[in-house]
Amino acid sequence: MVESKHQWKAWLYLLPAIVLLLVFTVYPIFNTVRISLLEEYGAMAEMGLDEGEYFNFGLGNYEKVLQYKDFILCLKNTAILCVATVPISTILALLIAVALNSIKPLQKTLQTIFFLPYVTNSIAIGMVFAAMFNIVDYNAENILNSQSLGIINNVIQFFGGNPISWINQGSSYMANITVMIVYIVWNALPFKILILLGGLQSINKQYYDAAKVDGTPKWRVLTRVTVPLLSPMLAYVIITGFIGGFKEYSSIVGIFGDKMGPAHDPGLLNTMVGFVYDSIEKDRQGLASAAALILFGIILVVTLINNYVIKKRVHY
Amino acid sequence: MSNVINSNSVMQAKDIHMISTGQKVRRILAKTGTYAFLLVMALIVLFPFYWMIISSLKELSEYRQAIPTFWPQKVMWGNYSKAFSQANLGDLFMNTLYVGVVSTILSLVITVLSAFAFARLEFKGKETLFGALLATMMLPGELFTITNYITVSDLGWMHTFTALIVPFLVSVFYIYLLRQNFMQIPNELYLAAKVDGTTDLKYLWKVMIPLALPTLISITILKMMGAWNSYIWPKLVANDAEHQMITNGLRNAFTDVSGQADIPVQMAAVAIVSAPLFMVFLFLRKYIMQGVSRSGIKG
Amino acid sequence: MQRKIIAVLLSVVMLFSICTMAGCRRGQKVDNTVSITGDIDLGDDIIEISFTHTMGAKLQDVLNTHIEEFNKIYPNIKITHQSAGGWSDINGQINTEIAGGNPPNIAYCYPDHVAMYNIAKSVVVLDELINTEYKIKGTDERSGLTAEQKADFIESYYNEGLVYGDNKMYTMPLNKSTEVLYYDKSFFTEHNLQVPTTWDELWAVCEQIKAIDPECYPLGYDAEDNWFITLCEQMETGFTSAEDGGQYLFNNAENKAIVKELREYYQKGYFTTQELYGSYTSNLFVETTDKRCYMCVGSSGGASYQMSNNDTPDGTFAFEVGVAPIPQANKDHKRTISQGPSLCILKGKNTSDKQVYASWLFVKFLCTNIDFQAEFSMASGYMPVLKSVTENENYAAWLARGNGYEYLVAKCVQVGIDGRDDYFVSPAFNGSSTAREQVGAMMLKCLSTDAANDAAVDALIEQAFKDAIEECEY
């Protein structure tokens with residue numbers, strides 16, 4: 001790192017970003033903290049306050065969040081989705097990006113295909129998944145008597161397996177979570193491929209040439225050359241993946257609808273941010289803010305640990 | 001700097017290197033595996049796109065069927081003409097393009113400057129500041145909606161393009177991304193430039209930006225898509241005819257009284273407005289894949 | 001780095017706690033009552049009115065023509081309107097706008113939404129505006145409603161404005177829908193089945209149908225939550241009450257018995273619902289070759305989805321669809337749920353009195369104008385809220401077509417109009433939308449969870465009710 005003699009220069013470069021962030025991010029965060037400490041706070045309720053009426057100041061919202069009967073469940077779902085999806089999507093994206101980078105014929109066509117998700121409407125993505133996992137008219141006694149088993153079950157049958165209920169009645173928590181993981185990984189892939197593909201271009205070709213001269217096997221080149229050199233981008237993809245994973249919510253609504261769970265157990269797949277949204281909708285911003293800050297605390301700790309571990313392995 | 005640029009002396013090595021038959025077989029197997037993997041993944045990734053296209057050609061009743069069809073029983077090209085005639089696509093497109101282009105350009109400038117400061121310059125509190133920025137990404141943005149709405153209305157920005165552009169110009173997400181990319185670029189280049197007496201800005205322009213071009217293009221694509229997909233915020237601050245954005249126009253035009261969407265027509269509309277965007281992406285893709293080699297610099 | 005971040009965060013928290021305790025507050029309560037002390041003077045300056053709705057393109061065309069009509073009477077009231085998307089979109093958007101002090105003047109609403117807006121005291125109380133005998137300055141027009149205008153409203157629709165537990169009027173009905181029973185008339189005629197008017201009759205018909213076609217679901221019911229709420233209302237077993245800021249009354253033995261009975265019928269295969277089936281029940285209803293249902297309870301606004309298929313080469317319909325009111329529990333206490341848009345007038349810190357008056361005049365215009373009511377009904381398939389709407393000749397002719405195979409929408413509207421004395425809406429208060437959500441979830445749980453024996457079923461239902469009430473009261 002170079003010691004700049006003119007520190008003010010750095011601040012000058014950062015000035016536009018900092019000014020805008022102060023207004024549109026930092027100030028709202030302060031407000032969030034403030035609101036979380038006002039018991040029973042709601043934005044509507046505040047508008048309706050009489051002169052001289054105030055919200056009590058205290059930790060009541062935090063207590064209430066912790067007392068929520070499904071608090072642990074929400075936390076557990078959030079954690080599982082995070083821990084499972086980030087490694088899978090990162091590894092897959094890495095393999096695809098490296099493979100895309102290494103081929104000659106069809107390269108352009110394939111690259112184009114991997115760009116198509118960017119112009120695909122999110123409603124369409126949700127619909128595909130419904131079609132893939134949804135069983136129409138689930139038959140509890142004999143699943144094969146259901147009206148339609150969904151594409152995934154058809155594939156399973158094709159390979160001689162037994163179809164199961166993924167998201168409908170009679171589905172297990174494991175099946176539900178598996179669907180969510182597949183969906184989230186799928187959703188995350190295009191972005192990660194784009195980032196890693198871009199990152200690969202910045203790697204010095206010399207290293208590869210050197211490896212070729214040595215006759216190093218491809219797989220070793222990947223683990224010994226590509227991954228270390230790509231580590232800044234990988235770190236980025238992993239950390240932002242975790243942050244996104246902690247905020248997972250809309251994907252669950254996409255699969256299970258507003259009831260956030262299979263028919264026999266609505267709410268089973270609710271997450272922390274699901275709780276936050278729900279509270280905002282009910283004009284309980286105090287509760288929502290407290291829940292978000294509790295989650296924030298948890299993410300912060302995890303990220304710091306993550307950062308600490310990754311820092312030891314990232315080579316700039 | 002020059003010695004770094006001309007250091008590709010080992011380039012021809014592979015032609016000289018002798019390859020045994022065993023290696024050849026292994027190589028062919030590896031190639032086949034690579035292609036098989038890519039093709040399977042491509043199919044998976046492509047499926048939603050395919051679904052969007054066939055849905056845009058279905059009749060509403062067919063779209064609502066319990067057992068989805070993989071090909072429209074009756075191909076409804078009419079959905080496309082309906083999409084064209086019902087929503088004011090031309091205006092919506094121009095509004096979105098304007099917001100997309102302006103915010104992308106401004107955002108790129110801010111992002112490059114900030115990322116450069118974080119990646120190359122040394123100043124007090126850098127780590128802390130960067131950590132704090134990252135931390136801001138961890139709160140769900142929906143918590144900020146009301147506060148920002150009030151700010152924008154206090155600033156008198158309601159029903160202006162400014163309200164659509166300015167609040168989202170800075171994305172820590174992209175600053176972080178570009179900083180990572182800048183940090184991939186060997187520091188020696190910067191040192192050499194310093195010795196040569198090159199100014200920071202010149203160095204940034206001549207070396208860093210060309211080298212980080214693939215990432216900058218990625219950011220451009222993501223930012224443009226952001227403009228295309230934004231829905232809730234534009235609806236709040238500028239949903240009047242002069243400023244309406246594409247997603248708002250589309251989602252609101254094709255609903256019946258109960259707020260139920262005519263999805264096939266919506267999909268057709270999305271396909272229509274995404275087509276030019278996709279062309280731009282195809283054009284930009286070239287630069288993602290060739291950014292470095294074209295600039296002639298091999299870090 | 002960690003320590004520094006924590007230090008920064010803590011100092012921020014401290015700073016703002018101090019600020020809070022000192023009482024930083026931006027709430028500016030608006031006065032949501034209106035007092036009229038003389039003829040209403042609109043002046044000559046342009047009064048701008050914003051109107052947020054969920055209308056699609058077709059309905060917006062109807063609206064635009066009638067805004068022109070309105071402007072012939074009040075040239076200086078300028079109405080701008082925008083669609084906010086669907087029903088859940090509009091609620092979220094207006095919540096934010098109210099919290100920002102800047103709501104639209106007029107909004108499409110459901111009672112649950114209004115209950116939310118009422119927390120901010122932003123919804124204008126309409127009583128004074130309705131009842132005032134003062135005129136609009138310079139005209140002979142009464143600014144309130146005349147006795148004839150009031151009497152022309154279908155009473156149950158009009159009373160929807162009063163469900164907020166404080167005897168004040170907050171909304172005016174615009175156009176309404178309800179749940180109706182669609183049935184395969186051809187099938188019913190062929191097998192000599194009676195269209196059920198009570199639930200007992202319905203279950204008997206289900207048994208008969210099941211004997212004819214063992215594979216079928218005799219009945220498809222779209223919305224579990226509506227079903228439960230309707231049954232509570234019909235049997236007077238209690239759902240919620242808006243008294244004292246809202247109470248949840250549904251956790252009682254009678255309701256558990258209702259759900260248990262439904263569960264038995266579900267286990268027998270007598271019915272399915274949208275969630276349980278995994279797709280729209282209307283698909284089962286219009287199906288002709290695969291598994292199907294012969295009766296379907298759904299929104300009268302969704303009639304076009306219940307149309308039987310006429311894709312045959314000669315264009316004939318697969319079967320005739322009949323429409324009937326939903327079954328009742330007690331013929332002396334007929335109750336049917338009412339849905340569909342009402343209008344409320346909102347007030348923010350910058351809303352002037354003139355804007356409130358102008359908004360009221362526009363709301364009054366839309367709700368009492370026979371032509372608008374008729375055209376809106378024809379374009380949407382919703383029911384007009386005025387009794388005299390059939391005075392519009394086009395509309396009368398349109399309604400008259402409503403039998404046979406083709407004009408199902410008109411047929412449906414006619415059934416809706418005939419049932420006008422039976423409508424109810426559930427009480428609305430802060431938390432009423434949660435109650436609706438929770439009973440929907442409770443129904444799903446009770447119907448679809450496996451249970452080994454009778455005791456297990458009781459335990460399951462007990463638990464589901466307990467969970468629902470706990471969520472409501474959280």
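## A tour of chain C, with a stop at chains A and B

Select domain 1 and domain 2 of chain C: their C-alpha centres lie 32 Å apart. Bear in mind that this is a predicted model. To colour the two, use the domain assignment: domain 1 is 47-153 + 342-381, and domain 2 is 177-338 + 401-473.

**Where the domains touch**

Now show the contact between them. Domain 1 of chain C brings 9 residues, which meet 12 residues of domain 2 of chain C. On the domain 1 side, pick out helix 4 (111-119) and helix 15 (370-380) of chain C; each supplies at least two residues to the side that touches domain 2. Which helix gives the most to that side? Helix 4 of chain C does, with 6 residues. Colour this side of domain 1 by class: 5 residues are nonpolar, 3 are polar and 1 is charged.

**The open sheet**

Next, switch to strands in chain C. Look for an open sheet of 5 strands, in the order 2-1-3-13-4, with mixed pairing. Go to its edges. Strand 2 (77-83) and strand 4 (171-173) of chain C stand there, each with a single partner strand, so one side of each has no neighbour in the sheet. Step across the sheet strand by strand: the twist averages 25 degrees from one to the next.

Then zoom in on strand 3 (residues 106-109) and strand 13 (residues 342-345) of chain C. They run antiparallel and are joined by 4 bridges. For one pair to label, take Y108(C); its bridge partner in strand 13 of chain C is L343(C).

**A covered helix**

Move to helix 17 (residues 408-418) of chain C. Is this helix mostly covered or mostly uncovered? Mostly covered: 8 of its 11 residues are buried. Select them as L408(C), V409(C), A410(C), K411(C), C412(C), V413(C), V415(C) and G416(C). Lysine K411(C) is one of the buried residues.

Now show what lies over them. The cover includes two helices of chain C, helix 15 and helix 16 (393-400). It also includes strand 5 (175-184), strand 11 (321-325) and strand 14 (383-384) of chain C. You have met helix 15 already, on the side of domain 1 that touches domain 2.

**Last stop: chains A and B**

Hide chain C. Select the contact between chain A and chain B: 86 residues come from chain A and 85 residues from chain B. On the chain A side, highlight helix 1 (residues 7-36), which gives the largest share, 18 residues. Finish by colouring that side of chain A by class. There are 59 nonpolar, 20 polar and 7 charged residues.

How values were computed. Residues numbered from 1 in each chain as written. Chains lettered and ligands numbered in written order. Predicted model: local features only at pLDDT ≥ 70, side-chain atom pairs only at ≥ 80, totals over all residues. Pairing = 2+ DSSP bridges. Axes fitted to C-alpha atoms, helices over the stretch in contact; angles between N-to-C directions. Contact = placed C-beta atoms within 7 Å. Nonpolar A, V, L, I, M, F, W, Y, C, P; charged D, E, K, R; others polar. Domains from an automatic or database assignment. Buried ≥ 20, exposed ≤ 12 C-beta atoms within 10 Å, placed from the backbone.
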